[in-house]
Amino acid sequence: METLNIQTTRLNIRQLKLSDLTDFHIYRSNPEVTKYQGFDVMTIEQAEQFINDNATKHFGNAGEWVQYGIENMETKQLIGDCAIKLDQYDTRIAEIGITISNFEQKKGFAKEVLLGILSFLFDKKEIHRVVEIVDAENIASVNLLKSTGFKQEGHFIENTFFKGKWGSEFQYAMLKREWDDRKQ
Ligand SMILES: CC(C)(COP(=O)(O)OP(=O)(O)OC[C@H]1O[C@@H](n2cnc3c(N)ncnc32)[C@H](O)[C@@H]1OP(=O)(O)O)[C@@H](O)C(=O)NCCC(=O)NCCS
C-alpha cells in the first residue's frame with residue numbers, strides 16, 4: 001500500500017488525519033465551498049466519519065476516490081483537501097479534484113497543489129492522462145485548470161441533476177506529453 005506524500009513550496013499533501021477534523025469541518029460545512037461539488041455540507045459527525053472511512057483507502061486502487069489533506073507547512077493548518085481516483089478500467093488514467101478553504105482561496109494554493117499532483121502523477125507514476133470534470137458555472141475552477149494548461153475536451157449540457165436542478169459540466173484533461181511540453 002502506498003502512502004502519498006507530496007511537498008510543494010508552501011504545502012504538504014498527505015493523508016487526512018482525525019486531528020484535521022476541526023479545520024476540515026470549517027470549510028466542508030460552508031455551502032459556498034460545496035456549491036459546485038458532488039458532496040454536500042457536512043455535520044461534524046459526518047466529517048469525522050468521512051475521515052475515518054477515507055483512512056482505509058489508498059493510492060493505487062482502481063476506481064476509488066482517495067482524499068488527501070493539504071497542510072500549510074508554516075502554520076501546520078489544514079487549508080483544504082484534494083482527491084485522486086485512478087480509472088476503474090485503466091489505472092494509467094487519473095481523475096482529480098481540489099477544495100481550498102474559503103479563508104485560503106485566491107492565494108495560489110490550488111495551483112500549487114495541482115502542479116504538485118500533476119508532477120507526482122506524470123513524473124513519478126507515469127500516468128498517461130489526468131481528467132477533471134467541473135460544473136460549467138464554477139469559474140474559479142475553470143480558471144485554475146486553464147491557468148495550469150488543461151484543455152477543454154467536452155461541454156455537457158444539463159447532463160446531471162444536481163442540488164435541485166439540471167447542471168452542465170466541462171471536462172478538462174491533460175496528457176503526459178502535454179505536461180512534458182509544458183515543462184520546456
Ligand atoms: C476552485 C478552487 C480550488 C481554486 O482555489 P484557489 O486556491 O483560490 O485558486 P488559486 O489561488 O490557485 O488560483 C488559480 C487560478 O484561478 C483563478 N481564480 C481563483 N479563484 C477565482 C475566482 N473566484 N474567480 C475567478 N478566477 C479565480 C486565479 O486568479 C488563478 O488564475 P491565474 O493562475 O491565471 O492567476 C477554490 O475556489 C475552491 O476550493 N472552490 C470550492 C471547491 C470547488 O468547487 N472545487 C472544484 C471542484 S473539484
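Two strands are taken to pair if DSSP finds at least two bridges between them, and with that in mind I would like to start with E2 and E3, which run antiparallel and are joined by 5 bridges. Please remember throughout that what we are looking at is a predicted model.

Within that pair, Leu11 has Asn72 of E3 as its bridge partner. On the other side of the discussion stands E1, residues 6-7, which runs antiparallel to E2 and is joined to it by 2 bridges; here Gln7 has Asn12 in E2 as its bridge partner, and the connection from E1 to E2 is a hairpin through 3 residues. How many of the residues of strand E2 are buried? For E2, residues 11-15, the count is 4 of the 5, so this strand is largely enclosed by the rest of the structure.

Let me now widen the view to the sheet. It is an open sheet of 8 strands, and if you follow it across, the order is E1-E2-E3-E4-E5-E6-E8-E7, with mixed pairing. E1 and E7 are the edge strands, each of them pairing on one side only. As a general reminder for anyone tracing side chains on the screen, in a regular strand they alternate between the two faces of the sheet.

Moving along from E3, we come to E4, which runs antiparallel to E3 and is connected to it by 7 bridges, with Ile70 facing Gly80 of E4 as its bridge partner. Towards the other edge, strand E7, residues 151-162, and strand E8, residues 165-175, run antiparallel and are joined by 8 bridges. In that pair Lys151 is opposite Ala173 of E8. E7 and E8 form a hairpin that leaves 2 residues between the strands, and Lys163, in the turn, has a positive phi of about 45°.

That brings me to the helices, and I will take H1 before the others. In H1, which covers residues 21-28, the buried residues are Leu21, Phe24, His25, Tyr27 and Arg28. What lies over them? The cover includes helices H2 and H3 together with strands E3, E4 and E5.

With H3 in particular, the axis of H1 comes within 10 Å and the two cross at roughly 120°. Angles of 65 to 115 degrees count as roughly perpendicular and those over 145 as roughly antiparallel, and H1 and H3 are therefore described as oblique to each other. Their crossing is right-handed. From H1, the residues that meet H3 are Leu21, Phe24, His25 and Arg28, and on the H3 side they find Ile44, Ala47, Glu48, Phe50 and Ile51. Sorted by character, the residues of this contact are 6 nonpolar, 1 polar and 2 charged. It is worth pausing on Leu21, Phe24, His25 and Arg28, since they appear in this contact and are also listed among the buried residues of H1.

The second helix pair is H4, residues 109-124, with H6, residues 176-183, whose axes come within 10 Å and cross at roughly 120°. H4 and H6 are therefore oblique to each other, and their crossing is left-handed. H4 contributes Leu115, Leu118, Ser119, Phe122 and Asp123 to the contact, while H6 contributes Lys176, Trp179, Asp180, Arg182 and Lys183. Here the division is 4 nonpolar, 1 polar and 5 charged.

Finally, two loop residues deserve a look. As background, most residues other than glycine have a negative phi. Lys106, which is not a glycine, nevertheless has a positive phi of about 60°, and its place is the loop between E5 and H4. Is Lys106 buried or exposed? Its relative accessibility is 88%, and Lys106 therefore counts as exposed.

Glu126 is the other residue, with a positive phi near 55° in a residue other than glycine. Glu126 sits in the loop between H4 and strand E6. The relative accessible area of Glu126 is 51%, and since the cut-off for exposed is over 50%, Glu126 is placed in the exposed class.

Key:
Residues are numbered from 1 along each chain as its sequence is written. This is a predicted model: local features need pLDDT of at least 70, side-chain atom pairs count only at pLDDT 80 or more; totals for chains, interfaces and linings use all residues. Side-chain values use heavy atoms; hydrogens and water are left out. Axes are lines fitted to C-alpha atoms, for helices over the stretch in contact, and angles run from 0 to 180 degrees between N-to-C directions. Angles under 35 degrees count as roughly parallel, over 145 as roughly antiparallel, 65 to 115 as roughly perpendicular and the rest as oblique. A crossing is left-handed if the near helix is turned anticlockwise from the far one by less than a right angle, and right-handed if clockwise. Contact means heavy atoms within 4.5 Å. Ala, Val, Leu, Ile, Met, Phe, Trp, Tyr, Cys and Pro count as nonpolar, Asp, Glu, Lys and Arg as charged, and the others, Gly among them, as polar. Buried means under 20% relative accessible area, exposed over 50%, partly exposed in between (1.4 Å probe, protein chains only).
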